[in-house]
Amino acid sequence: MNSIEHGAFAHYLGQNVSGFGSPYEWLGLLVVLGDVAEMDRDEKKERLMNRSVVDEHIASFSQMVRDHMMAMPDRLAPAVAAVTDAGTARKVLMHDVETGLRKLSKTIASAGF
């Protein structure tokens, strides 16, 4: 390896590699760097969730939101019909929406997201 290639590789690594002069020493360094990169990749891969698991969670969360929204009219109609002012009706509706969002948030947190 000529000095230009050696200097460029040393610069790329961001460290002084002047002690690696022979091609075999360079090869050893590259093998070690490859092993470190592979271990780093494997560690990151373990932290990723399987796509099908994520898809299942998303479908479950979506169904939960849909069920809550679809049940709102039947659940809230009596309470809203019993009030005479818009402010109280708004509070009834907001309470139900906040309850649904808290439930969704807890479900998402318990799933590990």
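This passage walks through the helices, salt bridges and largest pocket of a predicted model.

Starting with the overall layout, the chain contains four helices and zero strands. Followed along the sequence, that gives the pattern α-α-α-α. The chain has 113 residues, and 15% of them count as buried. Its accessible surface adds up to about 8,900 Å², with carbon and sulfur atoms making up 62% of that area. As for how the chain meets itself, take the contacts with a separation of 6 or more: 43% of these join residues that sit 24 or more positions apart.

Next come the charged pairs. Side chains of opposite charge can pair when their charged atoms come close. In this model the count of salt bridges is three.

One of them sits in helix H2, which covers residues 23-47. Here Lys44 pairs with Asp40, and their closest N and O atoms are 3.3 Å apart. That is a salt bridge because the cut-off is 4 Å between a side-chain nitrogen of Lys or Arg and a carboxyl oxygen of Asp or Glu. The two residues are four places apart in H2, or about one turn of the helix. Neither partner is tucked away: Lys44 is partly exposed, at 45% relative accessible area, and Asp40 is partly exposed too, at 34%.

Another salt bridge belongs to helix H3, residues 51-82. It joins the side chains of Arg51 and Asp55, with an N to O distance of 3.2 Å. Once again the partners are four residues apart, so about one helical turn lies between them. Arg51 is exposed, with a relative accessible area of 63%, while Asp55 comes out as partly exposed at 37%.

The remaining pair is Asp96 and Arg75, whose closest N and O atoms are 2.8 Å apart. This salt bridge ties together distant parts of the chain: Asp96 is in helix H4 (residues 86-110) and Arg75 is in helix H3, with their positions 21 residues apart. The two ends also differ in how covered they are. Asp96 has a relative accessible area of just 8%, and it counts as buried because the cut-off for that label is under 20%. Arg75, on the other hand, is partly exposed at 36%.

Asp96 deserves a second look. Leaving out residues up to four places away in sequence, Asp96 touches His68, Met72, Arg75 and Leu76. So the list of contacts includes Arg75, the salt-bridge partner of this buried residue.

That leaves the empty space. Rolling a probe the size of a water molecule over the atoms shows where empty space is left. The largest pocket found in the model has a volume of about 170 Å³. Its lining is made up of Met64, Val65, Asp67, His68, Met69, Val97, Gly100, Leu101, Lys103 and Leu104. Helices H3 and H4 each contribute at least two of the lining residues. By type, the lining splits into six nonpolar, two polar and two charged residues. His68 provides a link back to the charged pairs, since this residue lines the pocket and is also among the residues that Asp96 touches.

Notes:
Residues are numbered from 1 along each chain as its sequence is written. This is a predicted model: local features need pLDDT of at least 70, side-chain atom pairs count only at pLDDT 80 or more; totals for chains, interfaces and linings use all residues. Side-chain values use heavy atoms; hydrogens and water are left out. Buried means under 20% relative accessible area, exposed over 50%, partly exposed in between (1.4 Å probe, protein chains only). On a 1 Å grid over the protein atoms alone, a cavity is a set of points where a 1.4 Å probe fits but cannot get out, and a pocket is an open set with protein on both sides within 12 Å along at least five of seven lines; lining residues have an atom within 4 Å of a point. Grid points are joined across faces, edges and corners, and a volume is the space filled by probe spheres set on the points. Ala, Val, Leu, Ile, Met, Phe, Trp, Tyr, Cys and Pro count as nonpolar, Asp, Glu, Lys and Arg as charged, and the others, Gly among them, as polar. Contact means heavy atoms within 4.5 Å. Accessible areas come from the Shrake-Rupley method with a 1.4 Å probe; for residues, only the protein chains shown count as cover.
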